[in-house]
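Okay, thanks for having me, everyone. I'll put the sequence and the structure up, and then we'll walk through a loop, the overall fold and the cysteines.

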Amino acid sequence: VALPDDYKSDGPLGGHFGVAYLDGINPSLITKFENRQGTNRGDFNLMIVAWDFDGSNITQRWKWKRGNTGNACNFHQIRIIDVNQDGKDDICDGTYVIKHDGSFLYGITNVCHGDRFHVCDMDPDNPGIEGYGTQQYPEHYSWYYYDAANGSRLVNGDNVGDVGRAAVGDIDPRYRGYEMWSVGGVYNKDTRITYSMPHVNFNIWWDGDLLGEILNSTTIYKWDYENSRQRTVFNGSGVRATWRNAPPFYGDVIGDWREEVLWETSDYSALRLYSTTESTSHSITTLSQNRGYRNCLTVKGYYQSNLVDYYLGDGMDSTSSSIDSDNRWKDPDEEDMSIPKRFNLAQNYPNPFNRETVINYQLPDAGEIQLEIFNILGEKIRTLVNNYQAAGNYTVRWNSLDESGKQVSSGVY
């Protein structure tokens, strides 16, 4: 498909890429294109374009050009998340948001270009989601905390000059919600907790509790909030990170809600995937089943922390994490769980499992239902359900036996 040629005269376009559910159901490709004006490399041209793929053809859904739009400064990455909670994803840059339909939603005043910004549910007591960003060339303040639904600034940090990195996460359970740190210490909203702070690279959920850990280069740290210092909990041996102290990839790969890290070996000969060995008493739906988190994994720009669109931290509301009081799967959007409003097939748990795993699913309508297990080669291993079922909530257990009653080998199913 031909790219838009609006700024062709100014040379090649650089871009960021991601996936958004603009209609709330189907994935669309999001591209943010930039180049600089003229041979003297002046101001940036910028446009965001959405594309749809029907299985055969790619078509342009919409195109937004910044032009002279005010309060729309570009950052080094984008985030894709439903900021106004209408069920449809929006595209966030550091100072502005483009709605799912390609229209301009808002721009944050008195904010200029920066490197890092984060959008997620940082305050469990405040409806909706919040944002936190930093500025490279601040005229007013170096960092800002804002309401992501409308762009109103809630807290302004002191102006201490260029700030390139920032991080968020629940690292101190003595304070409700996420902490933020970039310069001047660790903050919880407008409260400075300490002048010391951990590395400002990535939040990662690694160990067994609900607090976040810190990933920097090839080391994972835990913030010792009582003594205001970080301590090492894992150090990758014989591996390397990029010059920005980032791994090639990290995310919830195994599916137990804690995140794995993929590093290159020091001699560039292999990739190694590392996972925690610590157990956890918390049962949370696989993070990649959360649309906000899944969108984070798709964005290609400056690498940034993966975040969910609900509050995941100490004192979290169990319904927000897709679990109920029995650690069983639950759809938080459903007020009446007796009659589901849509079909859902939940992630099995535990995952990975030994001998037995549980599968939950919801049927909004009655019908003939088949639930089958396949191996990675596409071969059918076992039929668990094959009958007529009424609308409702169902639980099936698989004991890892095939149709003949033999134990299956370990692997991916």
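**A loop, a chain and two cysteines**

So, let's begin with Ala 391. Leaving aside anything up to four places away in sequence, Ala 391 touches Leu 363, Pro 364, Asp 365 and Ala 366. Keep in mind that this is a predicted model.

Where does Ala 391 sit? It's in the loop that runs between strand S28, residues 380-389, and strand S29, residues 392-398. Take one of those partners, Leu 363: it is 28 residues from Ala 391 in sequence, yet C-alpha to C-alpha the two are 4.8 Å apart in space. And is Ala 391 buried, exposed or partly exposed? Its relative accessible area is 36%, so Ala 391 goes down as partly exposed.

Okay, zooming out to the chain. On secondary structure, we get 1 helix and 29 strands. If you look at contacts with a separation of 6 or more, 49% of them come from residues 24 or more positions apart.

How about the overall dimensions? The C-alpha trace spans about 70 × 55 × 50 Å along its principal axes. For 413 residues, you'd expect a compact globule to have a radius of gyration near 22 Å, and the chain comes in at 23 Å, so that agrees.

On to burial and surface. Out of the 413 residues, 48% count as buried. The accessible surface of the chain is about 19300 Å², and carbon and sulfur atoms own 46% of that.

For those of you who like electrostatics, the chain has 37 positive and 56 negative charges. How far apart are the mean positions of the two sets? The answer is 4 Å.

Last topic, the cysteines. A quick reminder: a disulfide is a covalent bond between the sulfur atoms of two cysteines. How many disulfides do we count here? The count is 0. Cys 73 isn't in one, and its nearest cysteine sulfur, on Cys 112, is 6.2 Å away. Turn that around and Cys 112 is in no disulfide either, with the sulfur of Cys 73 as its nearest cysteine sulfur, at 6.2 Å. The cut-off for the pair of sulfurs is within 2.5 Å, so 6.2 Å doesn't make it.

As for how covered these two are, Cys 73 has 26% relative accessibility, so it counts as partly exposed. Cys 112 has 16%, and therefore counts as buried; the line between those two classes is 20% relative accessible area.

That's my tour. Over to you.

Terms used:
Residues are numbered from 1 along each chain as its sequence is written. This is a predicted model: local features need pLDDT of at least 70, side-chain atom pairs count only at pLDDT 80 or more; totals for chains, interfaces and linings use all residues. Side-chain values use heavy atoms; hydrogens and water are left out. Buried means under 20% relative accessible area, exposed over 50%, partly exposed in between (1.4 Å probe, protein chains only). Helices (H or I, at least four residues) and strands (E, at least two) are DSSP runs, numbered from the N terminus. The radius of gyration is taken over C-alpha atoms; the globule rule is 2.2 Å times the number of residues to the power 0.38. Contact means heavy atoms within 4.5 Å. Accessible areas come from the Shrake-Rupley method with a 1.4 Å probe; for residues, only the protein chains shown count as cover. Lys and Arg count as positive and Asp and Glu as negative; His and the chain ends are not counted. The place of a charge is taken as NZ of Lys, CZ of Arg, CG of Asp or CD of Glu.
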